[in-house]
Amino acid sequence: ESIELQADKQMSLGSIAGGTVRVRRKAVSIFLKRRTTVTAAIEGDTLDLEYVTAPRVTGHNIIIGKGCRIDLVQHSGEIQISPKTTVGKVEKIERSE
């Protein structure tokens with residue numbers, strides 16, 4: 001299952017879960033500078049995130065792009081974190097089947 005969100009305004013969601021989850025900001029504008037997608041948690045095998053605020057993100061291969069504020073990132077594979085983002089803690093975990 002694949003989930004792709006392109007936000008053009010501030011969004012608040014519950015948890016997001018899927019095989020592949022991609023969250024991006026729809027348009028680049030000076031007016032959207034502080035607008036993010038806020039979630040309770042994001043889980044998936046492959047995550048590609050920009051401008052997301054979440055207490056926890058868990059997945060296998062994870063890309064944390066610019067503008068994110070994540071308290072805890074848990075990954076079982078590869079991880080990339082943009083220097084233009086804030087991540088509190090990164091944990092390597094065992095992959096669950």
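**Exercise 1. Which residues does Leu47 contact, leaving aside its neighbours within four places in sequence?**

Solution. Start with the cut-off: a contact means heavy atoms within 4.5 Å. Leaving aside neighbours within four places in sequence, Leu47 then meets Val21, Ile42, Val57, Thr58, Gly59, Asn61, Ile62 and Ile63. Please keep in mind that this is a predicted model, where local features need pLDDT of at least 70, side-chain atom pairs count only at pLDDT 80 or more, and totals for chains, interfaces and linings use all residues. Residues are numbered from 1 along each chain as its sequence is written, and side-chain values use heavy atoms, with hydrogens and water left out.

**Exercise 2. Find the members of the largest nonpolar core that touch the most other members, and say which strands supply the core.**

Solution. First, the terms. A nonpolar core is a set of buried Ala, Val, Leu, Ile, Met, Phe, Trp, Tyr and Cys residues joined through side-chain atoms within 4.5 Å. Buried means under 20% relative accessible area, exposed over 50%, and partly exposed in between, with a 1.4 Å probe and protein chains only.

Next, the members: the core has 14 residues, and Ile42, Leu47, Leu49, Val52, Val57, Ile64 and Ile70 touch the most other members. At least two core residues come from each of strands E3 (16-25), E5 (42-49), E6 (52-64) and E7 (69-75). The top contributor is E6, with 5 residues. Strands here are DSSP runs (E, at least two residues), as helices are (H or I, at least four), numbered from the N terminus. As background, nonpolar side chains tend to be buried together in soluble globular proteins.

**Exercise 3. Describe the protein as a whole: its elements, its burial and its surface.**

Solution. Begin with the elements: there are 0 helices and 9 strands, so the order from the N terminus reads β-β-β-β-β-β-β-β-β. Then take burial, where 39% of the 97 residues are buried. For the surface, about 6000 Å² is exposed, and carbon and sulfur atoms supply 48% of it; these areas come from the Shrake-Rupley method with a 1.4 Å probe, and for residues only the protein chains shown count as cover. Finally, among contacts with a separation of 6 or more, 24% join residues 24 or more positions apart.

**Exercise 4. Where is Gly19, and what does Gly19 touch?**

Solution. Gly19 belongs to strand E3. Its C-alpha atom is 8.2 Å from that of Glu43, 24 residues apart along the chain. Not counting residues up to four places away in sequence, Gly19 touches Glu1, Gly44, Asp45 and Thr46.

**Exercise 5. How many salt bridges are there, and which residues are linked in a network of them?**

Solution. The rule asks for a side-chain nitrogen of Lys or Arg within 4 Å of a carboxyl oxygen of Asp or Glu. By this rule the count is 6.

Now look at Arg24, whose side chain meets that of Asp48 at 2.6 Å, N to O. Arg24 lies in strand E3 and Asp48 in strand E5, so this pair ties together parts that are 24 residues apart in sequence. Arg24 and Asp48 are both buried.

Arg24 also meets Glu50 at 2.4 Å, N to O. Glu50 sits in the loop between E5 and E6, 26 residues apart from Arg24, and Glu50 is buried too.

Lastly, a network of salt bridges links Glu4, Arg22, Arg24, Asp48 and Glu50.
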